[in-house]
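Please walk through the model below with the sequence at hand, beginning at a single proline and moving from there to the ligand and to some unusual backbone geometry.

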Amino acid sequence: MTIDAEPYPFEFAPAACALLIIDMQRDFLEPGGFGEMLGNDVSQLRRTIGPNQRLLAAWRAAGLPVLHTREGHRPDLSDLPPAKKVRGRSKTCIGDSGPMGRILVRGEAGHDIIPELYPLPGEPVIDKPGKGAFYATDLHAILGSRGIRQLVVTGVTTEVCVNTTVREANDRGYDCLVPDDCVGSYFPVFQEMGLKMIKAQGGIFGWVSSSEKVLAALR
Ligand code: TIU
């Protein structure tokens with residue numbers, strides 16, 4: 001079975017393919033969180049919610065594995081590099097109080113996944129301290145034990161946590177497909193270039209497609 005994609009059709013092996021949803025957290029998508037604190041317009045990311053909901057529903061209905069990630073830190077901030085804390089010279093930074101609790105701190109409301117895409121019991125949630133989902137997490141071990149070799153990667157943001165994760169996955173031997181309407185950036189130019197970088201040079205990091213094309217293959 002293939003999924004229509006760029007730079008060429010993706011050989012879809014459902015038994016070995018997981019949906020990996022990156023950082024669809026209130027801190028990034030809702031007003032008052034980390035994303036807005038960095039000076040970003042959160043409405044740019046919200047258009048990905050609908051396509052992700054449709055893909056997630058179909059993926060679950062097909063009985064295929066779903067994993068979610070969240071970017072954030074321990075309440076004592078012992079896993080927060082000082083460089084990450086002070087970057088941006090913002091008045092408010094990671095660990096400080098915000099409208100949805102302490103910013104990017106595990107257990108706080110803003111750190112959690114938006115209700116529209118909330119994980120079901122049994123769907124692994126990977127808490128990650130960095131941008132990539134493989135760095136300092138057990139994601140590779142969980143995928144390996146389930147025989148996963150392919151990832152459909154969605155979420156936010158396209159050029160930061162999605163791109164970093166796709167690159168990490170590629171170096172670990174996974175084939176990654178990114179549906180363009182299920183990933184979002186605060187910056188339209190980074191959305192475009194982030195996707196181009198993945199599929200350039202014969203698919204240097206992976207494939208780019210759309211949710212509709214993945215849904216067609218699932219049907
Ligand atoms: N700022 C930005 O674009 N993204 C992040 O800080 N984290 C994720 O992409 N999840």
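**From a proline to the ligand site**

In this predicted model, Pro129 touches Gly72, His73, Asp79, Lys84, Arg106, Tyr135, Ala136 and Thr137, when residues up to four places away in sequence are not counted. Pro129 itself is found in the loop between strand E7 (125-128) and helix H6 (139-145). Because its relative accessibility is 11%, and buried means under 20%, Pro129 counts as buried. Val42, by contrast, is 87 residues apart from Pro129 along the chain, and the C-alpha atoms of the two are separated by 21 Å.

One of the residues that Pro129 touches, Ala136, also lies in the loop between E7 and H6. With a relative accessible area of 52%, Ala136 is exposed, because the cut-off for that class is over 50%. Its phi is near 60°, a positive value in a residue other than glycine. Most residues other than glycine have a negative phi, and most peptide bonds are trans. Leu104 likewise has a positive phi, near 55°, and lies in the loop between strand E6 (101-102) and E7. Leu104 is buried, with a relative accessible area of 0%.

Where, then, is the ligand held? The space taken by the ligand is the largest pocket, and the residues around the ligand are Asp23, Phe28, Phe34, Leu38, Glu71, Lys131, Val156, Thr157, Val160, Cys161 and Tyr186. Three of these can be followed atom by atom, starting with Lys131, where an N or O atom of the side chain is 3.0 Å from an oxygen atom of the ligand. A polar backbone atom of Val156 is 3.1 Å from a nitrogen atom of the ligand, while a polar side-chain atom of Thr157 lies 2.9 Å from an oxygen atom of the ligand. Of the 280 Å² of accessible area that the ligand has on its own, the protein covers 93%.

Val156 and Thr157, both among the residues around the ligand, are joined by a peptide bond that is cis, with omega near -15°. Thr157 is found in the loop between strand E8 (150-156) and helix H7 (158-171). Another cis peptide bond runs from Glu6 to Pro7, with omega near 10°, and Pro7 has its place in the loop between strand E1 (2-3) and strand E2 (10-11).

How values were computed:
Residues are numbered from 1 along each chain as its sequence is written. This is a predicted model: local features need pLDDT of at least 70, side-chain atom pairs count only at pLDDT 80 or more; totals for chains, interfaces and linings use all residues. Side-chain values use heavy atoms; hydrogens and water are left out. Helices (H or I, at least four residues) and strands (E, at least two) are DSSP runs, numbered from the N terminus. Buried means under 20% relative accessible area, exposed over 50%, partly exposed in between (1.4 Å probe, protein chains only). Contact means heavy atoms within 4.5 Å. A residue is near a molecule or strand if one of its heavy atoms lies within 4 Å of it. A polar contact is a pair of N or O atoms within 3.5 Å; within protein, one must be able to donate a hydrogen and the other to accept it, and residues adjacent in sequence count only if both atoms are side-chain atoms. Accessible areas come from the Shrake-Rupley method with a 1.4 Å probe; for residues, only the protein chains shown count as cover. On a 1 Å grid over the protein atoms alone, a cavity is a set of points where a 1.4 Å probe fits but cannot get out, and a pocket is an open set with protein on both sides within 12 Å along at least five of seven lines; lining residues have an atom within 4 Å of a point. A molecule sits in a cavity or pocket if more than half of its atoms lie within 2 Å of its grid points.
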